[in-house]
Amino acid sequence: MVDNHIFQGNELNIDTRRVVWRRALDINDRHLRFVVDGLGGRTNGVPREDGFDITVASEVMAIFCLANDIMDLKERLARIIVAYDREGNPVTAGDLKAQGAMAALLKDALKPNLVQTLEGTPAFVHGGPFANIAHGCNSVIATRLAMQLADYVVTEAGFGADLGAEKFIDIKCRLAGLKPDAVIIVATVRALKYNGGLPKSELDKEDLDALAKGIPNLLKHVENITQVFKLPAVVAINRFPQDTEAELKLIEEKCNELGVNVALSEVWAKGGEGGIALAEELIRLTENSDGSQELTYAYDLDMPIKEKIRAISQKIYGADDVVFTDKALREIANFEKLGFGNLPICMAKTQYSLTDDPKKLGRPTGFNITVRDITISAGAGFLVALTGEIMKMPGLPKVPAAEKIDVNEKGVISGLF
């Protein structure tokens, strides 16, 4: 509809150099990150620079997961900034009269998907915004529905407490008026040894030295929950067969020193029975809480944009400071001038490190976070700060999964999992 509007006379005076809405495709293809389209003569449109985002990185996915109902969905879709006119004013999906058709396409998708576990426990699987690009949480509608149907509701927030938990609390809980009673921080012995410098090929071996070096990474996530957000927490160790008792004991001792209990999760091997210890500790935490503790956020919405980003980087990541590129500073000034300075921040950052460098493992100190660009998701209701090499359209790895997929003479497909 954007390109058609431009082709049909451009009544909104859209600056074709400042069309910010990108096409979406549910596939990894780095060659589609930046393209030129509209080529081939007048009848094929107006040539301009363009690009594709993977579907889960689209603002539509974030809006879908934050909407309260169909009317709220339509209002949020209308607020999407798709371009700027030649005077620098935002042009929205509402200006293009696109929100009705967009809401119609999403009408049935807005209903939560009810599925069940292997043991028959009901679960909602609904929505999927990227956790290192968008806010990484399931839909508000599914969460609220579950809270009306069950005594206890467990919901996932993608990646660690530096991404998933921070965005769940600072964005989803704040915008939806939710307050979690307790937090489960999931860890594995293998991941902690990797953060301690042990190569992936040696993670099956007991190595208490590497584990001791990696545990500070876990403790930082614990501190984020208990000291920044002021919420009770339990560490769930997702047990692997190769984990030794000495390794499990070391993690428990270090967590206990911070006042947090550890519970083994053996659900993968034992089903629901393997999660009883974790469930009991979670129930104990919620019953010991009287609910009077007010949820603490990492920043206040009325803080300047740069200070909100600095608060997340220093409190949650442990950074010394934040470095803003000239482009990021220009965008910040523009969004504050347009009246968007009071929106929450969604940090686009690697999930592999507390820093913006995926190679810096453990609990690094003495680093800065570099913000290279700022974009706006006006419909979702947050600003996105891009750090490191985070891309909204991933590329395939050196050995893509497709190489392992095959089909035999009987039509049986193999290699999907």
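**Helix packing and a parallel sheet**

Valine 235 has valine 262 of β12 as its bridge partner. The model is a predicted one. Strand β11, residues 233-238, pairs with β12 in the parallel sense, and the pairing runs over 5 bridges. The points below cover the sheet, the helices that lie across it, and two helix pairs.

**The sheet**
- The sheet is open and has 3 strands in the order β10-β11-β12, with parallel pairing.
- Its edge strands are β10 (183-187) and β12 (261-265), each of which pairs on one side only.
- On average, neighbouring strands in this sheet are turned by 30 degrees against each other, with direction ignored.

**Helices across the sheet**
- Helix α9, residues 245-257, lies across β11 and β12 and runs at about 145 degrees to β12.
- Helix α11, residues 276-288, lies across β10, β11 and β12, and its angle to β12 is about 145 degrees.

**Helices α3 and α4**
- A pair of packed helices is described by the angle between the axes and the distance between them.
- For helix α3 (residues 70-78) and helix α4 (residues 99-106), the axes come within 9 Å and cross at roughly 135 degrees.
- Angles from 65 to 115 degrees count as roughly perpendicular and those over 145 as roughly antiparallel, and α3 and α4 are therefore oblique to each other.
- The crossing of α3 and α4 is right-handed.
- On the α3 side, the contact is made by Ile70, Leu73, Lys74, Leu77 and Ala78. On the α4 side, Gln99, Gly100, Met102, Ala103 and Leu106 take part.
- By class, the residues in the contact of α3 with α4 are 7 nonpolar, 2 polar and 1 charged.

**Helices α6 and α12**
- Helix α6 (residues 161-176) packs against helix α12 (residues 305-317) at an angle of about 125 degrees, and the two axes are 11 Å apart.
- With that angle, α6 and α12 are therefore oblique to each other.
- The crossing in which α6 passes α12 is right-handed.
- Helix α6 contributes Ala161, Asp162 and Glu166 to the contact, and helix α12 contributes Ile312, Ile316 and Tyr317.
- The contact of α6 with α12 has 4 nonpolar and 2 charged residues, and no polar ones.

Conventions
Residues are numbered from 1 along each chain as its sequence is written. This is a predicted model: local features need pLDDT of at least 70, side-chain atom pairs count only at pLDDT 80 or more; totals for chains, interfaces and linings use all residues. Side-chain values use heavy atoms; hydrogens and water are left out. Axes are lines fitted to C-alpha atoms, for helices over the stretch in contact, and angles run from 0 to 180 degrees between N-to-C directions. Helices (H or I, at least four residues) and strands (E, at least two) are DSSP runs, numbered from the N terminus. Angles under 35 degrees count as roughly parallel, over 145 as roughly antiparallel, 65 to 115 as roughly perpendicular and the rest as oblique. A crossing is left-handed if the near helix is turned anticlockwise from the far one by less than a right angle, and right-handed if clockwise. Contact means heavy atoms within 4.5 Å. Ala, Val, Leu, Ile, Met, Phe, Trp, Tyr, Cys and Pro count as nonpolar, Asp, Glu, Lys and Arg as charged, and the others, Gly among them, as polar. Two strands pair if DSSP finds at least two bridges between them.
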